[in-house]
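User: Got a minute to go through a structure with me? I'd like to start with the ligand.

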Amino acid sequence: EKGGYDHFMLKEINEQPKAYRDTMRGRLREGLSGVKLTELKVITPEVLREIRNVHIVACGTAYHAGLVGRSLIEHNVNIPVETDVASEYRYRKPIIKPDTLVIVVSQSGETADTLAALREAKRCGASVLAITNVVGSSVAREADDTIVTWAGPEIAVASTKAYTSQLIAFMLFSLYWAEQVESLSQEEIRHQLAAIEALPEQVELILSQEDQLKRVAEDMAKHNSLFFIGRGVDYAVSLEGSLKLKEISYIHSEAYPAGELKHGTLALIEEGVPVIALVTQPALIEKMISNMQEVTARGGRIFAIVDQAHKEQVAKTADEVFVLPTTLAHLSPALSVVPTQLIAYYASLALGHDVDKPRNLAKSVTVE
Ligand code: M6R
(Lines give C-alpha, C1' and ligand atoms only; values in the text may rest on other atoms or scores of the structure.)
Protein backbone atom coordinates (compact mmCIF):
# COMPACT_ATOMS: atom_id res chain seq x y z
CA GLU A 1 0.00 0.00 0.00
CA LYS A 2 3.00 2.29 0.47
CA GLY A 3 3.98 1.59 -3.11
CA GLY A 4 7.49 0.46 -2.21
CA TYR A 5 8.23 3.47 0.00
CA ASP A 6 9.08 3.13 3.70
CA HIS A 7 6.45 5.64 4.74
CA PHE A 8 3.30 7.21 3.39
CA MET A 9 4.89 10.63 3.77
CA LEU A 10 7.77 9.77 1.44
CA LYS A 11 5.32 8.22 -1.03
CA GLU A 12 3.15 11.33 -0.94
CA ILE A 13 6.14 13.66 -1.37
CA ASN A 14 7.08 11.65 -4.45
CA GLU A 15 3.53 11.72 -5.76
CA GLN A 16 3.58 15.50 -6.04
CA PRO A 17 4.39 15.72 -9.76
CA LYS A 18 1.33 13.53 -10.40
CA ALA A 19 -0.79 15.54 -7.97
CA TYR A 20 0.17 18.79 -9.77
CA ARG A 21 -0.76 17.27 -13.13
CA ASP A 22 -4.03 15.84 -11.82
CA THR A 23 -5.03 19.17 -10.30
CA MET A 24 -4.33 20.91 -13.63
CA ARG A 25 -5.96 18.20 -15.77
CA GLY A 26 -8.91 19.46 -17.85
CA ARG A 27 -8.52 22.96 -16.45
CA LEU A 28 -6.11 24.48 -18.98
CA ARG A 29 -7.65 25.78 -22.18
CA GLU A 30 -6.12 24.83 -25.46
CA GLY A 31 -3.00 26.78 -26.34
CA LEU A 32 -2.84 27.83 -22.66
CA SER A 33 -5.20 30.68 -23.52
CA GLY A 34 -6.87 30.54 -20.12
CA VAL A 35 -8.28 28.44 -17.28
CA LYS A 36 -11.52 26.44 -17.27
CA LEU A 37 -13.27 26.03 -13.94
CA THR A 38 -16.61 24.57 -14.95
CA GLU A 39 -17.28 23.60 -11.33
CA LEU A 40 -17.93 27.24 -10.46
CA LYS A 41 -21.72 27.41 -10.74
CA VAL A 42 -22.64 29.97 -8.09
CA ILE A 43 -19.44 32.00 -8.14
CA THR A 44 -19.90 33.01 -11.78
CA PRO A 45 -17.78 35.53 -13.70
CA GLU A 46 -20.50 38.12 -12.90
CA VAL A 47 -20.18 37.41 -9.18
CA LEU A 48 -16.38 37.58 -9.36
CA ARG A 49 -16.55 40.96 -11.05
CA GLU A 50 -18.45 42.35 -8.04
CA ILE A 51 -16.10 41.00 -5.35
CA ARG A 52 -14.19 43.75 -3.52
CA ASN A 53 -12.18 41.79 -0.97
CA VAL A 54 -11.16 38.25 -0.12
CA HIS A 55 -10.73 36.38 3.16
CA ILE A 56 -8.82 33.11 3.05
CA VAL A 57 -9.48 30.98 6.13
CA ALA A 58 -7.87 27.67 7.08
CA CYS A 59 -5.81 25.82 9.69
CA GLY A 60 -2.23 24.57 9.84
CA THR A 61 -0.68 23.70 6.53
CA ALA A 62 -3.83 24.74 4.64
CA TYR A 63 -3.42 28.18 6.24
CA HIS A 64 0.12 28.32 4.91
CA ALA A 65 -1.23 27.52 1.43
CA GLY A 66 -3.65 30.39 1.99
CA LEU A 67 -0.75 32.78 2.62
CA VAL A 68 0.62 31.90 -0.80
CA GLY A 69 -2.93 32.14 -2.20
CA ARG A 70 -3.10 35.67 -0.87
CA SER A 71 -0.04 36.76 -2.78
CA LEU A 72 -1.25 35.00 -5.96
CA ILE A 73 -4.64 36.76 -5.86
CA GLU A 74 -3.13 40.13 -4.99
CA HIS A 75 -0.54 39.71 -7.73
CA ASN A 76 -2.91 38.49 -10.44
CA VAL A 77 -6.29 40.00 -9.57
CA ASN A 78 -5.24 43.15 -7.74
CA ILE A 79 -7.85 42.76 -4.99
CA PRO A 80 -7.13 43.04 -1.26
CA VAL A 81 -6.83 39.69 0.54
CA GLU A 82 -6.61 38.78 4.19
CA THR A 83 -5.57 35.36 5.38
CA ASP A 84 -6.61 34.08 8.78
CA VAL A 85 -6.29 31.03 10.95
CA ALA A 86 -9.86 29.69 11.24
CA SER A 87 -9.84 29.47 15.05
CA GLU A 88 -8.92 33.18 15.21
CA TYR A 89 -11.07 34.44 12.35
CA ARG A 90 -14.37 33.54 13.95
CA TYR A 91 -13.68 35.39 17.17
CA ARG A 92 -12.26 38.65 15.89
CA LYS A 93 -15.47 39.92 14.29
CA PRO A 94 -14.19 39.95 10.72
CA ILE A 95 -15.93 42.43 8.41
CA ILE A 96 -17.70 40.04 6.05
CA LYS A 97 -19.96 41.62 3.45
CA PRO A 98 -21.92 40.36 0.44
CA ASP A 99 -19.08 41.54 -1.82
CA THR A 100 -16.54 39.51 0.20
CA LEU A 101 -15.33 36.21 -1.20
CA VAL A 102 -14.39 33.83 1.61
CA ILE A 103 -12.12 30.99 0.50
CA VAL A 104 -11.87 28.09 2.93
CA VAL A 105 -8.99 25.69 2.39
CA SER A 106 -9.07 22.22 3.91
CA GLN A 107 -7.49 19.00 2.72
CA SER A 108 -9.96 16.82 4.64
CA GLY A 109 -12.90 19.19 4.37
CA GLU A 110 -13.81 18.23 7.93
CA THR A 111 -11.75 20.58 10.12
CA ALA A 112 -14.12 21.91 12.76
CA ASP A 113 -12.84 25.48 12.96
CA THR A 114 -12.70 25.85 9.19
CA LEU A 115 -16.24 24.56 8.86
CA ALA A 116 -17.46 26.95 11.54
CA ALA A 117 -15.77 29.87 9.74
CA LEU A 118 -17.48 28.80 6.52
CA ARG A 119 -20.87 28.85 8.26
CA GLU A 120 -20.20 32.27 9.72
CA ALA A 121 -19.23 33.60 6.29
CA LYS A 122 -22.42 32.25 4.77
CA ARG A 123 -24.51 33.72 7.57
CA CYS A 124 -23.04 37.13 6.69
CA GLY A 125 -24.00 36.73 3.04
CA ALA A 126 -20.52 36.31 1.59
CA SER A 127 -19.76 34.07 -1.38
CA VAL A 128 -17.91 30.98 -0.14
CA LEU A 129 -15.48 28.98 -2.20
CA ALA A 130 -13.94 25.77 -0.85
CA ILE A 131 -10.60 24.31 -1.88
CA THR A 132 -10.53 20.72 -0.65
CA ASN A 133 -9.13 17.33 -1.50
CA VAL A 134 -12.19 15.36 -0.47
CA VAL A 135 -15.20 15.29 -2.76
CA GLY A 136 -18.40 15.23 -0.72
CA SER A 137 -16.70 16.43 2.50
CA SER A 138 -18.62 18.77 4.83
CA VAL A 139 -16.75 21.82 3.56
CA ALA A 140 -17.43 20.85 -0.05
CA ARG A 141 -21.11 20.29 0.64
CA GLU A 142 -21.66 23.56 2.45
CA ALA A 143 -19.65 25.98 0.31
CA ASP A 144 -21.26 27.74 -2.66
CA ASP A 145 -18.71 26.14 -4.97
CA THR A 146 -15.73 23.84 -4.60
CA ILE A 147 -12.44 23.51 -6.40
CA VAL A 148 -11.23 19.98 -5.79
CA THR A 149 -7.51 19.35 -5.55
CA TRP A 150 -6.92 15.98 -7.13
CA ALA A 151 -3.98 15.02 -4.92
CA GLY A 152 -5.40 11.57 -4.12
CA PRO A 153 -5.72 10.20 -0.58
CA GLU A 154 -3.21 11.67 1.86
CA ILE A 155 -2.52 9.23 4.69
CA ALA A 156 0.51 10.69 6.50
CA VAL A 157 -0.50 13.15 9.21
CA ALA A 158 2.03 15.63 7.84
CA SER A 159 0.47 17.22 4.78
CA THR A 160 2.62 17.44 1.66
CA LYS A 161 0.92 16.79 -1.67
CA ALA A 162 -2.35 18.26 -0.41
CA TYR A 163 -0.53 21.54 0.34
CA THR A 164 1.19 21.76 -3.01
CA SER A 165 -1.96 20.90 -4.93
CA GLN A 166 -3.70 23.68 -3.01
CA LEU A 167 -1.04 26.01 -4.40
CA ILE A 168 -1.84 24.81 -7.92
CA ALA A 169 -5.56 25.40 -7.26
CA PHE A 170 -4.82 28.98 -6.13
CA MET A 171 -2.65 29.59 -9.20
CA LEU A 172 -5.41 28.42 -11.54
CA PHE A 173 -8.19 30.23 -9.71
CA SER A 174 -6.28 33.53 -9.62
CA LEU A 175 -5.66 33.35 -13.37
CA TYR A 176 -9.29 32.39 -14.06
CA TRP A 177 -10.39 35.40 -12.05
CA ALA A 178 -7.80 37.67 -13.69
CA GLU A 179 -9.30 36.83 -17.04
CA GLN A 180 -12.82 37.77 -15.90
CA VAL A 181 -11.75 41.17 -14.59
CA GLU A 182 -9.05 41.73 -17.21
CA SER A 183 -6.42 42.44 -14.58
CA LEU A 184 -3.84 40.58 -16.73
CA SER A 185 -3.31 40.50 -20.47
CA GLN A 186 -3.91 37.31 -22.44
CA GLU A 187 -0.21 37.15 -23.00
CA GLU A 188 0.60 37.36 -19.31
CA ILE A 189 -1.95 34.63 -18.53
CA ARG A 190 -0.40 32.38 -21.16
CA HIS A 191 3.09 33.11 -19.82
CA GLN A 192 2.09 32.13 -16.29
CA LEU A 193 0.23 29.00 -17.43
CA ALA A 194 3.29 27.83 -19.31
CA ALA A 195 5.33 28.24 -16.13
CA ILE A 196 2.69 26.37 -14.12
CA GLU A 197 2.64 23.55 -16.64
CA ALA A 198 6.40 23.16 -16.24
CA LEU A 199 6.21 22.73 -12.44
CA PRO A 200 5.64 18.93 -12.26
CA GLU A 201 8.79 18.18 -14.20
CA GLN A 202 10.73 20.69 -12.11
CA VAL A 203 9.56 18.95 -8.93
CA GLU A 204 10.82 15.66 -10.39
CA LEU A 205 14.22 17.26 -10.76
CA ILE A 206 14.20 18.37 -7.12
CA LEU A 207 13.14 14.91 -5.94
CA SER A 208 16.06 13.38 -7.81
CA GLN A 209 18.42 15.37 -5.56
CA GLU A 210 17.18 14.00 -2.26
CA ASP A 211 20.62 12.66 -1.25
CA GLN A 212 21.86 16.15 -0.54
CA LEU A 213 18.73 16.92 1.51
CA LYS A 214 19.05 13.68 3.47
CA ARG A 215 22.59 14.58 4.46
CA VAL A 216 21.56 18.08 5.47
CA ALA A 217 18.60 16.71 7.47
CA GLU A 218 20.84 14.27 9.36
CA ASP A 219 23.03 17.19 10.35
CA MET A 220 20.03 19.32 11.39
CA ALA A 221 18.80 16.41 13.51
CA LYS A 222 21.82 16.89 15.80
CA HIS A 223 20.53 20.31 16.85
CA ASN A 224 17.84 21.23 19.37
CA SER A 225 16.62 24.28 17.59
CA LEU A 226 16.81 25.98 14.23
CA PHE A 227 15.37 28.80 12.19
CA PHE A 228 13.77 29.31 8.81
CA ILE A 229 13.93 32.76 7.22
CA GLY A 230 12.53 34.28 4.06
CA ARG A 231 10.75 37.31 2.64
CA GLY A 232 7.45 37.50 0.80
CA VAL A 233 6.27 34.06 -0.33
CA ASP A 234 9.60 32.72 0.93
CA TYR A 235 8.38 33.62 4.41
CA ALA A 236 5.13 31.72 3.79
CA VAL A 237 7.18 28.67 2.77
CA SER A 238 9.40 29.15 5.83
CA LEU A 239 6.34 28.83 8.04
CA GLU A 240 5.33 25.63 6.28
CA GLY A 241 8.85 24.14 6.39
CA SER A 242 9.13 24.96 10.08
CA LEU A 243 5.73 23.41 10.89
CA LYS A 244 6.61 20.23 9.01
CA LEU A 245 9.92 19.89 10.85
CA LYS A 246 8.35 20.45 14.27
CA GLU A 247 5.44 18.14 13.53
CA ILE A 248 7.41 15.02 12.70
CA SER A 249 10.96 15.50 14.02
CA TYR A 250 10.02 17.33 17.25
CA ILE A 251 12.97 19.65 16.72
CA HIS A 252 12.11 23.15 17.83
CA SER A 253 12.15 25.59 14.96
CA GLU A 254 10.86 29.05 14.20
CA ALA A 255 10.09 30.77 10.96
CA TYR A 256 10.83 34.46 10.70
CA PRO A 257 10.38 37.11 8.05
CA ALA A 258 14.08 37.73 7.41
CA GLY A 259 13.75 41.47 8.00
CA GLU A 260 12.32 40.87 11.49
CA LEU A 261 15.38 39.06 12.86
CA LYS A 262 17.03 42.20 14.07
CA HIS A 263 13.89 43.15 15.98
CA GLY A 264 14.52 40.49 18.58
CA THR A 265 15.21 36.99 17.33
CA LEU A 266 18.77 37.72 16.29
CA ALA A 267 19.59 37.45 20.00
CA LEU A 268 19.15 33.68 19.67
CA ILE A 269 21.66 33.29 16.86
CA GLU A 270 25.00 32.07 18.16
CA GLU A 271 27.87 29.89 16.97
CA GLY A 272 26.62 26.88 15.02
CA VAL A 273 22.86 27.59 15.03
CA PRO A 274 21.40 26.24 11.79
CA VAL A 275 19.32 28.59 9.67
CA ILE A 276 17.45 27.52 6.56
CA ALA A 277 17.10 30.51 4.24
CA LEU A 278 14.58 30.54 1.40
CA VAL A 279 15.92 32.85 -1.30
CA THR A 280 13.83 32.90 -4.47
CA GLN A 281 12.58 36.45 -4.83
CA PRO A 282 14.70 38.51 -7.26
CA ALA A 283 13.24 41.81 -6.06
CA LEU A 284 14.31 41.05 -2.49
CA ILE A 285 17.67 39.45 -3.11
CA GLU A 286 19.89 42.27 -1.81
CA LYS A 287 17.82 42.64 1.35
CA MET A 288 17.80 38.90 1.88
CA ILE A 289 21.58 38.65 1.53
CA SER A 290 22.10 41.37 4.08
CA ASN A 291 19.78 39.49 6.50
CA MET A 292 21.84 36.36 5.91
CA GLN A 293 24.98 38.31 6.71
CA GLU A 294 23.41 39.33 10.04
CA VAL A 295 23.18 35.61 10.79
CA THR A 296 26.64 34.55 9.64
CA ALA A 297 28.26 37.46 11.50
CA ARG A 298 26.98 35.83 14.73
CA GLY A 299 28.23 32.37 13.79
CA GLY A 300 24.92 31.03 12.45
CA ARG A 301 25.23 28.42 9.68
CA ILE A 302 23.06 28.95 6.64
CA PHE A 303 21.61 26.34 4.35
CA ALA A 304 20.06 28.32 1.49
CA ILE A 305 17.36 27.09 -0.86
CA VAL A 306 17.92 29.36 -3.81
CA ASP A 307 16.77 29.81 -7.40
CA GLN A 308 19.15 29.07 -10.23
CA ALA A 309 19.71 32.72 -11.13
CA HIS A 310 21.06 33.74 -7.72
CA LYS A 311 23.00 30.68 -6.65
CA GLU A 312 26.47 32.21 -7.02
CA GLN A 313 25.52 35.42 -5.28
CA VAL A 314 23.90 33.56 -2.38
CA ALA A 315 26.63 30.93 -2.11
CA LYS A 316 29.04 33.67 -0.99
CA THR A 317 27.10 34.08 2.25
CA ALA A 318 25.58 30.63 2.79
CA ASP A 319 27.46 27.56 4.06
CA GLU A 320 25.66 25.39 1.53
CA VAL A 321 23.07 25.92 -1.17
CA PHE A 322 20.35 23.81 -2.74
CA VAL A 323 19.53 25.09 -6.22
CA LEU A 324 15.95 25.18 -7.52
CA PRO A 325 14.89 25.11 -11.17
CA THR A 326 13.84 28.48 -12.61
CA THR A 327 10.22 29.57 -12.35
CA LEU A 328 8.29 32.82 -11.92
CA ALA A 329 8.90 34.44 -8.52
CA HIS A 330 5.31 34.17 -7.28
CA LEU A 331 5.05 30.49 -8.31
CA SER A 332 8.23 29.50 -6.47
CA PRO A 333 6.55 28.00 -3.36
CA ALA A 334 5.44 25.02 -5.48
CA LEU A 335 9.14 24.21 -5.85
CA SER A 336 10.86 25.62 -2.78
CA VAL A 337 8.66 23.79 -0.27
CA VAL A 338 9.72 20.37 -1.58
CA PRO A 339 13.28 20.41 -0.14
CA THR A 340 11.86 21.48 3.23
CA GLN A 341 9.47 18.49 3.20
CA LEU A 342 12.38 16.13 2.54
CA ILE A 343 14.48 17.74 5.27
CA ALA A 344 11.63 17.23 7.76
CA TYR A 345 11.18 13.63 6.62
CA TYR A 346 14.84 12.66 6.88
CA ALA A 347 15.33 14.50 10.19
CA SER A 348 12.41 12.56 11.68
CA LEU A 349 13.80 9.33 10.29
CA ALA A 350 17.28 10.04 11.69
CA LEU A 351 15.77 10.58 15.13
CA GLY A 352 13.79 7.35 14.94
CA HIS A 353 10.33 8.89 15.19
CA ASP A 354 7.07 7.60 13.79
CA VAL A 355 7.08 9.70 10.62
CA ASP A 356 3.52 9.01 9.50
CA LYS A 357 1.90 9.22 12.91
CA PRO A 358 3.58 11.90 15.00
CA ARG A 359 2.75 12.01 18.70
CA ASN A 360 -0.27 13.99 19.91
CA LEU A 361 -1.63 14.66 16.41
CA ALA A 362 -4.55 13.43 14.31
CA LYS A 363 -5.01 13.58 10.56
CA SER A 364 -8.40 15.20 10.76
CA VAL A 365 -9.10 17.71 13.53
CA THR A 366 -12.82 17.66 14.18
CA VAL A 367 -12.76 19.39 17.57
CA GLU A 368 -12.61 23.18 17.95
O1 M6R B 1 -7.73 18.87 6.66
P2 M6R B 1 -7.22 20.26 6.82
O3 M6R B 1 -6.49 20.76 5.63
O4 M6R B 1 -8.35 21.23 7.20
O5 M6R B 1 -6.25 20.21 8.04
C6 M6R B 1 -5.69 21.37 8.57
C7 M6R B 1 -4.52 21.06 9.51
O8 M6R B 1 -4.95 20.31 10.59
C9 M6R B 1 -3.39 20.30 8.79
O10 M6R B 1 -2.97 20.96 7.65
C11 M6R B 1 -2.20 20.12 9.73
O12 M6R B 1 -1.61 21.36 10.01
C13 M6R B 1 -1.18 19.15 9.10
N14 M6R B 1 -1.03 17.99 9.92
C15 M6R B 1 0.17 19.75 8.88
O16 M6R B 1 1.04 18.86 8.23
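Analyst: Sure, we can take the ligand, then a helix, then the cavity. Keep in mind that this is a predicted model.

User: Which residues come nearest to the ligand?

Analyst: Ser106, Gln107, Ser108, Thr111 and Glu247 come nearest, out of 14 residues around the ligand.

User: What does Glu247 touch there?

Analyst: A nitrogen atom of the ligand. A polar side-chain atom of Glu247 lies 2.6 Å from that nitrogen.

User: And what about Lys244?

Analyst: An N or O atom in the Lys244 side chain is 2.8 Å from an oxygen atom of the ligand. Thr61 uses its backbone: a polar atom there is 3.2 Å from a ligand oxygen.

User: Switching to helix H4. How many residues does H4 have?

Analyst: H4 has 18 residues, 60-77. From first C-alpha to last, H4 reaches 25 Å, close to the expected 26 Å.

User: Is H4 largely enclosed or open?

Analyst: Largely enclosed by the rest of the structure, because 13 of its 18 residues are buried.

User: What comes just after H4?

Analyst: Asn78, with a positive phi of about 65°.

User: Now cavities. How many are 30 Å³ or more?

Analyst: The count comes to one. The largest cavity holds about 40 Å³ of space.

User: Which elements give two or more residues to its lining?

Analyst: Strand S8 (274-279) and helix H12 (285-296). The lining includes Leu278, Val279, Ile285 and Met288.

User: What's the chemical mix of that lining?

Analyst: Five nonpolar, two polar and two charged residues. Arg231 and Asp234 are among the lining residues too.

Key. Residues numbered from 1 in each chain as written. Predicted model: local features only at pLDDT ≥ 70, side-chain atom pairs only at ≥ 80, totals over all residues. Heavy atoms only, no water. 1 Å grid on protein atoms, 1.4 Å probe; cavity = no way out; pocket = protein on both sides within 12 Å on 5 of 7 lines; lining within 4 Å. Points joined across faces, edges and corners; volume = space filled by probe spheres on them. Helix = DSSP H or I, 4+ residues; strand = E, 2+ residues; numbered from the N terminus. Nonpolar A, V, L, I, M, F, W, Y, C, P; charged D, E, K, R; others polar. Expected span 1.5 Å × (residues − 1). Buried < 20%, exposed > 50% of the residue type's maximum accessible area, 1.4 Å probe, protein only. Near = heavy atom within 4 Å. Polar contact = N/O pair within 3.5 Å; in protein donor to acceptor, adjacent residues only side chain to side chain.
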